[in-house]
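Please load the model in your viewer, switch on a cartoon with side chains available on demand, and follow the selections below in order.

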Amino acid sequence: MPDNVDASERMVDNWTKQIQETAARYQAMAARMQGQTVTERSKDNTIEVTIDSKGLLTNLVISEAASGKRMAEVSSQVMRLVQLAQSRIPELLQAAMAETVGTTDETANRVIAEAQSTFPEAPPEEDLAPPEPERHHRFGPEEEEPPPPAQANPPQPKPIPRRRRTQDDDDDEFGGSILS
């Protein structure tokens, strides 16, 4: 019986050691991914975006040369570059996992699949035509109601009837009319 207990203890010790080693490898992978960034530039180098390993935009540079472009084109390029940079995150994650955890682990494969669904391939550039420019600009709430139409002849106020003055009106505390 003591051999069975000793064998069980060794088995539990081995599992504990394997779990600790796997946890250390995943922590190394997470630390490696923490500092990763991806930068993408437009073909004409007028726009540059940088994202972190979570896919968040950390830097955006729009050069003065972009001032001649339509704003719809600039915003479309910014969004395309962000999507392009984000689509590279699964690749970075897979490289970090290959060096730390390995890619044969089922958990590693699930993490990579999740990253691929969160950050899919960027659509081809042809599919992203910039939107047509607006023909007019609005500077107020979209739901604003138009003012009511003006009336041709606004109503005239009724005259206030004047009160006749009496003798008692001159007998106030201040000694006389306020109009004098």
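Begin by selecting β1 in this predicted model, and separate its residues by face: Val38 and Glu40 make up the covered face, while Thr37, Thr39 and Arg41 make up the uncovered one. Keep Glu40 highlighted for a later stop, since Glu40 is buried, with a relative accessible area of 13%; Arg41, on the uncovered face, counts as partly exposed at 48% relative accessibility.

Now extend the selection to the whole sheet, which is open and has three strands in the order β1-β2-β3, paired antiparallel. Because β1 (37–41) and β3 (57–62) stand at the edges and have a single partner strand each, one side of each is left without a neighbour in the sheet. From one strand to the next, the twist averages 10 degrees. If you display backbone hydrogen bonds as well, recall that it is through these that the strands of a sheet pair, whether parallel or antiparallel.

Next, show β1 together with β2 (residues 47–52): five bridges join the two strands, which run antiparallel. Two cross-strand positions are worth labelling here, namely Thr37, which stands opposite Asp52 in β2, and Arg41, which stands opposite Glu48 in β2. At the second of these positions, display the side chains, for those of Arg41 and Glu48 meet in a salt bridge with an N to O distance of 2.8 Å.

Follow the chain from β1 into β2 and you pass through a hairpin with five residues between the strands. Which residue in this turn has a positive phi? Select Asn45, in the loop between β1 and β2, and check its backbone: phi is near 60 degrees, a positive value in a residue other than glycine. Asn45 is also exposed, with a relative accessible area of 56%.

Moving across the sheet, select β2 and β3, which pair in the antiparallel sense over five bridges. Glu48, already on display as the salt-bridge partner of Arg41, stands opposite Val61 in β3. These two strands form a hairpin as well, with four residues between them, and Gly55 in the turn has a positive phi of about 90 degrees.

Stay in β2 and pick Thr50, which belongs to that strand. Is Thr50 buried or exposed? Its relative accessible area is 10%, and Thr50 is therefore buried, the cut-off being under 20%. Leaving aside residues up to four places away in sequence, Thr50 touches Thr37, Val38, Thr39, Leu56, Leu57, Thr58 and Asn59. Draw a distance as well from the C-alpha atom of Thr50 to that of Gln86, 36 residues apart along the chain, and the viewer should give 9.4 Å.

Gln86 leads to the next selection, as it is one of the buried residues of α2. Helix α2 (residues 71–86) lies across β1, β2 and β3, and runs at about 35 degrees to β2. The helix has 16 residues and reaches 23 Å from its first C-alpha to its last, close to the 22 Å expected at 1.5 Å a residue. Colour its buried residues, among them Ala72, Val74, Val78, Leu81 and Arg80, and then show what covers them, which includes β1, β2, β3 and α3 (89–100).

Return now to Glu40 and add Arg88: the two form a salt bridge, the closest N and O atoms being 2.7 Å apart. Arg88 lies in the loop between α2 and α3 and Glu40 in strand β1, so the pair ties together parts that are 48 residues apart in sequence. Arg88 is partly exposed, with a relative accessible area of 32%.

A search of the whole structure finds five salt bridges, and one further example is that between Glu99 and Arg32, where the closest N and O atoms are 1.9 Å apart. This pair links distant parts of the chain, with Glu99 in helix α3 and Arg32 in helix α1, 67 residues apart. Arg32 is partly exposed, with a relative accessible area of 37%.

Finally, colour the model by pLDDT. The protein averages 80, and 71% of the residues score at least 70; among its elements, helix α1 (residues 2–34) has the lowest mean, 86, and β2 the highest, 96. Where pLDDT is low, the predicted coordinates should not be read in detail.

Notes
Residues numbered from 1 in each chain as written. Heavy atoms only, no water. Pairing = 2+ DSSP bridges. Axes fitted to C-alpha atoms, helices over the stretch in contact; angles between N-to-C directions. Contact = heavy atoms within 4.5 Å. pLDDT = per-residue confidence, 0-100. Expected span 1.5 Å × (residues − 1). Buried < 20%, exposed > 50% of the residue type's maximum accessible area, 1.4 Å probe, protein only. Salt bridge = Lys/Arg side-chain N within 4 Å of Asp/Glu carboxyl O.
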